[in-house]
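Student: I would like to go over the empty space inside this model, and then a few of its strands. May we begin with the structure itself?
Tutor: Certainly; here it is.

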Amino acid sequence: MSVNLAKGQQISLSKSEGPALTVVRMGLGWQAAPRKGFFAKLTGSREIDLDASAVLFAGQSYADVVFFRHLVSNDGSVRHSGDNLVGGSGEGDDESIAVDLQRVPPQVDQIVFTVNSFTGQTFTEVSSAYCRLLDEATGQELARYTLAGGGNHTAQIMAKVQRADGGWRLTAIGEPATGRTFQDLMPAIGRHL
């Protein structure tokens with residue numbers, strides 16, 4: 001059963017029964033917001049290029065990143081599905097990042113998931129943006145966070161997974177930010193470590 005998360009809400013990723021979670025996948029999806037006005041019918045839909053990233057931290061220190069130009073973490077525990085340049089298929093995730101929880105190095109205690117527009121498109125042009133966490137072994141959706149509204153920002157700090165009580169916990173963040181790359185977002189990410 002999936003949990004619909006509110007901004008700031010946390011859930012434990014420890015299972016009370018059955019096998020423990022070993023690999024989770026953070027799926028991100030989005031669509032272009034409908035155009036308004038007379039020219040909307042003439043110009044049709046537009047493509048929205050958003051980029052998902054996973055930034056790994058050891059305490060407050062940056063450890064590694066996975067994004068469209070670095071698809072696998074240095075230790076191999078985090079893998080990106082590849083860059084989707086148009087988004088908005090409406091069917092399934094547009095980009096996803098798999099995390100092998102058992103292979104994440106012990107010093108890495110937080111992984112922050114972001115989405116940003118490398119081309120500078122703002123979230124006023126985006127609708128139906130979400131992130132969801134799935135059990136990779138079963139395909140079962142564990143949690144979903146849906147972004148409400150658009151906004152004149154080019155990025156979102158979506159969520160993070162962090163070590164807690166011998167396991168992992170997911171926190172929905174949903175903070176608007178400005179930046180074209182994960183490097184631009186580091187100050188905003190830092191507030192959530």
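Student: How does the lining of the largest cavity divide by class?
Tutor: The lining of the largest cavity holds nine nonpolar residues, two charged and no polar. Nonpolar here covers Ala, Val, Leu, Ile, Met, Phe, Trp, Tyr, Cys and Pro, charged covers Asp, Glu, Lys and Arg, and the others, Gly among them, are polar. Please bear in mind that this is a predicted model, in which local features need pLDDT of at least 70 and side-chain atom pairs count only at pLDDT 80 or more, whereas totals for chains, interfaces and linings use all residues. Residues are numbered from 1 along each chain as its sequence is written, and side-chain values use heavy atoms, without hydrogens and water.

Student: Which residues line the largest cavity?
Tutor: They are L5, M26, C131, R132, L133, A143, R144, Y145, A159, L170 and A172. At least two lining residues come from each of strand 9 (126-135), strand 10 (141-146) and strand 12 (167-177); strands are DSSP E runs of at least two residues and helices H or I runs of at least four, numbered from the N terminus. The volume of this cavity is about 40 Å³.

Student: What counts as a cavity, as opposed to a pocket?
Tutor: On a 1 Å grid over the protein atoms alone, a cavity is a set of points where a 1.4 Å probe fits but cannot get out, while a pocket is an open set with protein on both sides within 12 Å along at least five of seven lines; a lining residue has an atom within 4 Å of a point. Points join across faces, edges and corners, and the volume is the space filled by probe spheres set on them.

Student: How many cavities of 30 Å³ or more does the search find?
Tutor: There are two in the whole structure. The second largest encloses about 30 Å³, and its lining consists of L28, G29, W30, L50, V115, A129, Y130, L147 and M158. Strand 3 (23-32) and strand 9 each give two or more residues to that lining, with strand 3 supplying the largest share, three residues. By class, eight of the lining residues are nonpolar, one is polar and none is charged.

Student: And what is the volume of the largest pocket?
Tutor: It is about 190 Å³. Eleven residues line this pocket, and L21, L101, G166, G167 and W168 lie nearest its centre. Its lining comprises five nonpolar, four polar and two charged residues.

Student: Turning to the strands, why is strand 4 described as largely enclosed?
Tutor: Strand 4 (residues 51-58) has seven of its eight residues buried, so the rest of the structure largely encloses it. Buried means under 20% relative accessible area with a 1.4 Å probe, protein chains only.

Student: Which strands run antiparallel to strand 4?
Tutor: Strand 8 (residues 110-116) does, through seven bridges, and V55 has V112 as its bridge partner there. Strand 5 (residues 61-66) also runs antiparallel to strand 4, with five bridges, and A58 is bridged to S61. Pairing requires at least two DSSP bridges. Two residues separate the strands in the hairpin of strand 4 and strand 5, where G59 has a positive phi near 65 degrees.

Student: One last residue: is S96 buried or exposed?
Tutor: S96 counts as buried because its relative accessibility is 10%. S96 belongs to strand 7 (residues 95-100) and, leaving aside residues up to four places away in sequence, touches R25, M26, G27, R79, H80 and S81, where contact means heavy atoms within 4.5 Å.

Conventions: Buried < 20%, exposed > 50% of the residue type's maximum accessible area, 1.4 Å probe, protein only.
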